Each structure stands twice: as structure tokens, then as C-alpha cells.
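Here's a quick tour for anyone meeting this protein for the first time. Take a look at the sequence and the model, then read on.

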Amino acid sequence: MNVSKISFLALMSCLSFAVSTQTVYSQEKQTPTADTEISQTSEQWSEKMIRQKAREITVKIISEDNWGSGIIIQRKGQVYTVLTNAHVVRMGGNYQIQTADGKIYRSQKIRNVNFKDDDLGLLSFKSSSNYAIASIAKSPLEVGDKTFAAGFPHETKTWSFTNGKVDYILPKSFRDGYQIGYSNDILKGMSGGPVLNERGELVAINGRHKFPFWGNPFIFEDGSTPNLETRNQFEHSSWAVSIATFLNSAPQFSQGVISPPKASAYTEIETDSLYSTSAPPAQIPANFSRRSLWIW
């Protein structure tokens, strides 16, 4: 009787061990699937974090019934500095800045920085609230790098976030400092908003959307233009001013050593003699500046 009990207990113990071993083995076989899911979740979370960062540092710049976007780049005491486009600053007066929490502050221009002809401008506002500050990228952009852009398009009237990649980094800038071509969709109202890299760092400032409605925005600083074939390719990209261009005129805002963007394959861009004059071929109304025609 005792022998039977012992044999029965031994058999049950072996079966339990076998079941336990099978369970562990099955879990081990499933580990790669679990790792894959975690990896995908991490990647999605990373973009979610960038989106959140972009929302926190992006402000709406309001002037009467018009608006553009801006980026909080510095705080000193209760005074915040906002980077945007010059054409956003030119849209009117009596500026107001709306922050991510919905609060609206009176704003004024900062006039002690000379950006020359670059499409850049600065505003300030005063607040005791604690707002996020953009982290400025220290590593240069390269063609193919992911880009995340944000702003307040007129079309939707709400904050917008888009992703894309760097299409072009030109060896010389177009007029107004535009040098970075990227695939993100940029709409009217997003001008002055941030372009961030995969680490959530500020690399450029939105300014020009794809497929300009009229005129020729692709005029280099020396007055030359790319040939028609290249120009047609450029029209498929949005265009931004590099953060390095901003810091060339305003090094006091630098958060460290900034490397200039690396030029892409367009090191030699053939100019088209039909469009190599210093003025766009389109007829320009007398009450418009040359910049306001091509930039949002």
C-alpha cells in the first residue's frame, strides 16, 4: 500500500515537472513577440513625447483677426522670449500670445537683434507661470532625418502636428534664409512654429508651404534661381529657416555648440537664365512686400 502511494506521488511529481517545464518553454518562445510589441510601443511613445513637447513650446501669435505661430526659446525671470518669422511679426500690431494652457498675454517686439533679410523675428511676454522652453539641437540635420512640425493653421483653427523628413539641405540659402526643405505639410498659420528632430530638439522654423500659389519663391540670395526641373522638385517640399541661421544673428540664445547643417547633394545647382533675375517673374501688387507674396 505504501509502495503504491509512493509510486503514485512520484508519477504525479514527474507530470507536474513536465507541465511546469512546458509552461516555461512556451513563455520563453513568446518572448520575442513581447519584445517586438514593447519596441513598437516605445517607438509610438517616443513620437507621443515629441508631440507633447511640441505642444508645450508652441504659442499662437495673434494680431487682430490674424495669427501665426511661435516658439518659446528662453525665460529670464518672468519674461519669456518667443521666436517666430518676420512676416508673422509684420502682420499687424498689438500682439497677443496664447500659450498651451489657453492663457493670453500681451506681447511686444524685441528690436535689439538684427536678422538682416532672414525671415526671423522675436517677441516677448511676461508671465509668472512655468512654461516649457525649446531645447536647441546641437547636432546638424542630415537629409533623410525625421522631422516633426507644429503650429496653428488657419484652416483648422486648432494646434496641428505633422511628421515627415528632411528632403534638402541647400549649400546656399534662398532669400529670407530658407535652406531646409522637408516633407511635412505646412499650412497658413503654422509659420513661425517649430521643426523638431527625433530627440524633440528645435532644428528649424516653419515658413513656406509646398506648391506656392504664384510667383517664384526659389530665388537665392545672389539673385540666381535653380533650373526649372530642380525648381519643380523643390515645390514638393515645405521650407524652413535653420536654427543655425537664427543663432548666427543671435548667439546669445545658444544653449551650446551648434553645428551648421550639412549640405545635401545639391552642391551645384544649375541656374536657369530665364529666371536668374533678382525679381520674381510674376507681377507684384504695389501694396505687397516681396516676402509677403511667397511666405505664410
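How many nonpolar, polar and charged residues make up the lining of the second largest pocket? Sorted by class, that lining has seven nonpolar, two polar and six charged residues. Keep in mind that this is a predicted model.

**The pocket**

Let's stay with that pocket for a moment. Its volume comes to about 240 Å³, and 15 residues line the second largest pocket. Nearest its centre you'll find A86, V89, F115, L120 and G121. Two elements, α2 (86–89) and β6, each put at least two residues into the lining of the second largest pocket.

**Strand β6 and its neighbours**

So what about β6 itself? Strand β6 covers residues 121–126, and because five of its six residues are buried, the strand is largely enclosed by the rest of the structure. Buried here means under 20% relative accessible area.

Strand β6 has pairing partners too. Strand β3 (residues 79–84) runs antiparallel to β6, and six bridges join them. In that pairing, Y80 sits opposite F125 of β6. Strand β5 (residues 104–109) is also antiparallel to β6, this time with three bridges. There, K109 has L123 in β6 as its bridge partner.

As background, strands in a sheet pair through backbone hydrogen bonds, in either a parallel or an antiparallel way.

**The barrel**

Now for another set of strands. Six of them close into a barrel, and going around it the order is β7-β8-β9-β12-β11-β10, with antiparallel pairing. From one strand to the next, the twist averages 45 degrees.

Strand β7 is a handy place to start looking. It spans residues 146–151 and is mostly covered, with five of its six residues buried. On one pairing, β7 meets strand β8 (residues 160–169) over six antiparallel bridges, and G151 is matched with S160 in β8. On another, β7 pairs with strand β10 (residues 194–196) through two bridges, again antiparallel. Both F148 and A149 have partners in β10: F148 stands opposite L196, while A149 is bridged to V195.

Here are the pairings from this tour side by side.

| Strand pair | Bridges | Sense |
|---|---|---|
| β3 and β6 | six | antiparallel |
| β5 and β6 | three | antiparallel |
| β7 and β8 | six | antiparallel |
| β7 and β10 | two | antiparallel |

To tie things together, β6 helps line the second largest pocket, and β7 belongs to the barrel of six strands.

Terms used. Residues numbered from 1 in each chain as written. Predicted model: local features only at pLDDT ≥ 70, side-chain atom pairs only at ≥ 80, totals over all residues. Heavy atoms only, no water. Buried < 20%, exposed > 50% of the residue type's maximum accessible area, 1.4 Å probe, protein only. Helix = DSSP H or I, 4+ residues; strand = E, 2+ residues; numbered from the N terminus. Pairing = 2+ DSSP bridges. 1 Å grid on protein atoms, 1.4 Å probe; cavity = no way out; pocket = protein on both sides within 12 Å on 5 of 7 lines; lining within 4 Å. Points joined across faces, edges and corners; volume = space filled by probe spheres on them. Nonpolar A, V, L, I, M, F, W, Y, C, P; charged D, E, K, R; others polar. Axes fitted to C-alpha atoms, helices over the stretch in contact; angles between N-to-C directions.
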